[in-house]
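Hi everyone, thanks for making time this morning. I'd like to walk you through a structure that may be new to you, so please have a look at it with me.

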Amino acid sequence: MSVRLTSLALVRGLIGYFVGFAAGMLLVMAARLMLGMEAWEQEAVYVGGIVLAILSFLLASGAMTDWLKWTRGIATPMRHGPPPGQPSWARYFGIDYNHKVIGIQYGVTALLLLMVGGTLALIFRVELAEPSLSFMSLDSYNVVFSLHGWVALASILLGVGAMANYLVPLMIGAEDMAFPRLNAFAYWINVPAALTLMLAIFVGGWDSGWTAYPPLSLRGAVGYQFMFWAIFGIGLSSILGSLNLIATILLMRPKGMALFRMPIFCWAVLATSLIQLTATQFIGIDFLMMSFERSLGMPFFNPIMVEGVNMGGQPLLHQHLFWFYSHPAVYVFVLPGLGIISELLPVFARKPLFGYRWIALSSLAIALVGFLVWGHHMFTSGYGEYLRVAFMISTLLVAVPTGVKFFSWLGTLWGGRLTFPTPMLFTLGAISVFLIGGLSGPVLATVTTDLYLHDTYFVVGHFHATIFGGFVFPFFAAIYYWYPKITGRMYNETLGKWHFWIMTPAFWVMSIGQMSVGVLGMRRHIADYDPALQIATGQLWVTIAGFFIAFSVLLMIYNLFSSAEIGALAGNNPWRSRSPEWQIPSPAPEHSYASPIRVVGEPYDYGLAGSQYIAMAGAGDD
Amino acid sequence: MAVATKSLHGAVAAHDDHAGHEDYATRLRLNRLGMWLFFISEAFLFGALLATRFYLWGDTRPELDQMVGLIVTSVLLLSSASMYVADTAAEHGQWRVFSVAAWTTMILGLVFFLGVVIFEWGLFPQIYEGHLTPWGDKYGAVVFAMTGMHALHVLSGIVLIFIMWRLARKKHFTPEKHWGIEAAAIYWHYVDLVWIFFYPALYLIGTAHH
Amino acid sequence: MGHYSTGIIIILVLAALTVVEFYVALATHSAVFLLLIAALKAILVIWFFMHVKRLWSAEGGH
Ligand code: HEM
Ligand SMILES: [Cu+2]
C-alpha cells in the first residue's frame, strides 16, 4: 500500500513546526517594529519562533483535533486499529490512541535519542582519550557534552514513558489508559521538543551542562533559549503522562486487585508518577524565568547592587529550584527500572518475590524522602553552613529504602531455580552496576568527602553507574523480555548474550575508570587535563569501554529489527509468567482483554502448587 | 474465543465485547480525579513562584496600591460566588440562571484581568501611572511573574467558561451530565484559590520597601 | 434561593476573612497569621466550592 506522506501526523507536524517557527519569528519582529523597537533581537525573536513552532506542530499533527472538536460540541468516537486504507506501520507515525502503540512510539523515540546522545558522548570521549586538545575546541567541547546530557536525559524520560505506557494498562487488565487522547498528546509534544533541543547547536548551543547555572546560562549563546523551551515541553509531557498513569492505576484496576496485589512494576510507576506530576513544575517555571530574564531582563537570578543592597535576583535561587526537581528526577530515572528488576527476578528464579510489601513501600519512601535531599548538590555553593549537615543526614536516609530493595532481590534469588536468558542477564547486570553507583552515593553525600569530590569525574562515574544500573540495563532487560509480547517472535538469544557480555564488563571498566580518574583529580566539564595527573591511561580505557558499549547496543538494535522478521514464533507465554499480560495472545490484540479479568490470588506465588493470580473468562482453553 | 481480535499490527478488531466498556459514572470519576491531579501539579507551579517570592523578597514587599489590591481581590471573590451559582444552577437544570451567572463570572474575571493589567502593571499610563517594570528590580520581576502566571489562568478560565456557556446553549448538558460545566467551575475556583495565597504574599506580608 | 444558600454563606465568610486579613496586616508584619487565614479560606473554597468530596463519594446529582 502506498501512503500519502501528509497523511502521517509526523510529517504534517514537522511542516507545521517549521512554518510556525518562521511565523513566530516574523510575528515578534512585527510586534517590535510596531512598538518602535529594532526588529531584530535574537532572544525575543527566537523565543517567539520556538513557542509557535511547538504549538504548530501539535496543531498540524492533529494531536489536539479531538479536543478542539469537543469545544464545539462534536463527539469524537475512540479510534481503534490502523487508520482505514493505510498499512499497519502507518499508525506508528500517526496520532494513535492505543496505549500499546503509544508505548512503542515512546520506546523507539527513546532508542533514537539514546543513540544520538551516545554518539555525542563518543565524540567528546575521543577528545578526552589523551591529554591536550586534539580535534575539538574548548567551546565545541562544552556544547557537545551539554547536548549529550540533555539528549540522554530526554531519552531516559521517554524510555520510562515507554515502559509505563505499554505495561501498566496491560498489567492491570485495563482496556487502555484513563485518558487516551491526553496520552497521545503527551507523547507527541516530545517530538517538537526534542527537535528544538537538537536545533540548539545551530545557534551556538549551550555550554553549561544540563544544570544551566547562572550567571553563565544568562550570558551564553541563544541556544540556551532552545534548551529552556525544549525542556519545558518535555516536562509538560512528564506532567500529563504521569497524571494519566496515576488515574489509571488508582481507578482502573480489575476486581480483586487491591493495591498490594498489583504487579510490582505498577508500584514503581505510581511512585515515579507522583514525583513527575509535582516536582516537574519547578524546573518548568525555573527555566521559564531564566528565559524571561534573558529576553526581557527580568532579574530573578542576576544580582543588581544598588548602594550595597541587592535589588536584583540571586543565582542560588536557580540551584534550589533546579535541584528540587532534578534530585527527585533521578528517582524518576531509576524507580521504574528497579521495578523491572523486581518484576523479572521471580520469573527467572521461579520463586515468590521476597518482601512484596516492603518493595512497594520502599518505592514510595524513596520518592517522598527524595524531596528532602536536594541540597546535597549544593554543599559547595556557599549556602547556609547549617544546611549542609541537615541535607547530609536526609540524603543518607535515602540509602535505607534503597537497601531494602537490594535485600529483597537477594532474598528472591536465594535458593531459586535460576535460568539465564538475556533478560535475566541484564537484570543481574543491572543489580551489579546499580551497586557500584549506589555505593558511591554516600561518599558524595558526606560533606567532608564531597568538598573534595564535587565537580570531579567521580560524580560523573557515580551518576552513570546509578543511571545505567537503574535505567539502561533494566530497560534493555525489559525490551528483550517483552519483545515476544510486542512482536510475537523471539529475539536472537545468541546475539542477546553477546550484547550482554560485551556491555557489562565494558560498563564496569567505564565506571571504575571514571571514578578513579575523578579521585585522581580529573574535573568534570573540562576538555583537557594535565598529563602530570597520570590519568591518561585511565581516560583511554574509559573511551575504549565507551566504544564497546556503543557497539553492543548496535547489536541489540540489529537483533530487534531482524528478529521481527525471522525470529522463531514465541507463543503466548514463553517465560511462564503469571502476570496478566502473558495470559493473552502474542502479539497483544488491539483490545488486550476479551473480557474483564479478576484477581484471585497473589501475583508472585511462583512455585506454590495450586496458586492462581488471575482468572479470565475463557481461560484454560489453551 | 468468540471475539474476533487481531493483532495490533493487523486489521481492525471487533468493537463489541471487550474489557473496556465504561459508563458515564466511571468516566466522571476518572475525569474528576484527573482534574484534581492537575490541580495538585499546578499547586507546585504556584508554590515555586511563592518560594521565589520569599527567597528574593524575604520580609519585604513592594509598595503596591492597597486599594487596587483589595478591589481586584473582592472582584475575584465575587466571581467565585457567581460561578458557584452557575454550577449549582446547571445541577438543577435552571439554564437561564446558569447563563446569567456564567456571564457575570466572565465579566468579573475580565474586570479582574483588566485591573491587574492597568493598575498593577501600568500597561496603560494614560489611565494609570504604574511604577513597576518587569526589568526594574526583583520586586517588579516577581510581581510580574506571579500576577502574569495567575492572569494566564484567569484568561484560560474565561475561555473555558465561554465554551461551556455556548455548549449549554446548544443543549449539550443535562442536570445529570454536565461534567464540562463542573470542570470549568472547579477550575475557576482553583484560580481563585491561588489568589487567596498570592494576595497576602504580594500585598500584605512583610514591610513595604521604598 | 434554596440551592444557593450554602454558597452565599461561604462567600460572606470569605469576604469577612479578607477584611480581617487586611487589618491583621496593618497590625503585624508576621506571615504566620496571614498564611493561617489564607489556609482557612483555602479549605473553605476546596470543600464547599470545589466539592473535593466528590472524589470519593458519588454525590453531585449524578
Ligand atoms: C538512585 C540512583 C541515583 C541516581 C540516578 C543518582 C544520580 C545522580 C546524578 C545525575 C548526579 C549528578 C548531578 C550533577 O550533574 O551534578 C548525582 C550526584 C550526587 N548524588 Fe546521586 N544518584 C543516585 C543515588 C544516590 C545516592 C543513594 C546518594 C547518597 C546516598 C547520592 C548522592 C549524590 C550526591 C551527594 C551527589 C552530588 C555530588 C556532587 O555534585 O558533588 N546519589 N547523583
Ligand atoms: Cu541528588
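I'll start with how two of the chains meet, then turn to one chain's overall form, and finish with some individual residues. Please keep in mind throughout that this is a predicted model.

Let's begin where chain A and chain B come together. How many residues are in contact there? On chain A there are 56, and they are in contact with 53 residues of chain B. The area buried between chain A and chain B comes to about 4,500 Å², and carbon and sulfur atoms give 71% of that area.

Which parts of chain A build its side of this meeting place? Five helices of chain A each supply at least two residues to the side that touches chain B: α3 (65-71), α4 (99-128), α9 (223-251), α10 (264-296) and α11 (315-349). With eight residues, α10(A) gives the most. If we sort the residues on that side of chain A by kind, we get 35 nonpolar, 16 polar and five charged.

What about salt bridges between chain A and chain B? The count for this pair of chains is zero. There are polar contacts, though: six residue pairs, both partners at pLDDT 80 or more, make them between chain A and chain B.

Now for chain B by itself. Chain B has five helices and two strands, and along the sequence they come in the order α-β-α-α-α-α-β. Is the radius of gyration of chain B above or below that of a compact globule of 210 residues? For such a globule we would expect a value near 17 Å, whereas chain B has 22 Å. Along its principal axes, the C-alpha trace of chain B spans about 80 × 45 × 25 Å. Of the 210 residues in chain B, 57% count as buried. And if we take the contacts in chain B with a separation of 6 or more, 78% of them are between residues 24 or more positions apart.

Next, salt bridges. Over all chains, the whole structure holds eleven of them. I've picked three to show you.

The first on my list is in chain A, where the side chains of A:Glu385 and A:Arg388 meet at 3.5 Å, N to O. How are these two placed along their helix? They sit three residues apart in helix α13 (residues 385-413) of chain A, so about one helical turn separates them. Their surroundings are worth a look too: A:Glu385 counts as exposed, at 56% relative accessibility, while A:Arg388 is buried, at 18%.

The next one crosses between chains. The side chains of B:Glu91 and C:Arg54 form a salt bridge of 2.9 Å, N to O. This pair joins two chains, because B:Glu91 belongs to helix α2 (residues 66-91) of chain B and C:Arg54 to the segment after α2 (31-49) of chain C. With 4% relative accessibility, C:Arg54 counts as buried.

My third example stays inside chain C: the side chains of C:Lys41 and C:Glu21 meet at 3.1 Å, N to O. Here C:Lys41 comes from helix α2 of chain C and C:Glu21 from helix α1 (residues 5-27), so the salt bridge ties together parts that are 20 residues apart in sequence. Are these two partners buried or exposed? C:Lys41 is buried, at 2% relative accessibility, and C:Glu21 is buried as well, at 0%. To go back to the pair between chains for a moment, B:Glu91 and C:Arg54 are in one network with B:Arg32 and B:Glu182, joined by salt bridges that share partners.

Let me finish with two residues of chain A. One is A:Arg91, in the loop between α3 and α4. A:Arg91 is buried, with a relative accessible area of 1%. Which side chains does A:Arg91 reach? One polar contact, of 2.8 Å, joins its side chain to that of A:Asp96, and another, of 3.1 Å, joins it to that of A:Glu590.

The other is A:Phe228, in helix α9 of chain A. A:Phe228 counts as buried, at 1% relative accessibility. Leaving aside neighbours within four places in sequence, A:Phe228 is in contact with A:Ala212, A:Ser217, A:Phe287, A:Met290, A:Ser291 and A:Arg294.

That's my tour, and thank you all for listening.

How values were computed:
Residues numbered from 1 in each chain as written. Chains lettered and ligands numbered in written order. Predicted model: local features only at pLDDT ≥ 70, side-chain atom pairs only at ≥ 80, totals over all residues. Heavy atoms only, no water. Contact = heavy atoms within 4.5 Å. Buried area = accessible area lost by both parts, 1.4 Å probe. Salt bridge = Lys/Arg side-chain N within 4 Å of Asp/Glu carboxyl O. Polar contact = N/O pair within 3.5 Å; in protein donor to acceptor, adjacent residues only side chain to side chain. Helix = DSSP H or I, 4+ residues; strand = E, 2+ residues; numbered from the N terminus. Nonpolar A, V, L, I, M, F, W, Y, C, P; charged D, E, K, R; others polar. Rg over C-alpha atoms; globule rule 2.2 N^0.38 Å. Buried < 20%, exposed > 50% of the residue type's maximum accessible area, 1.4 Å probe, protein only.
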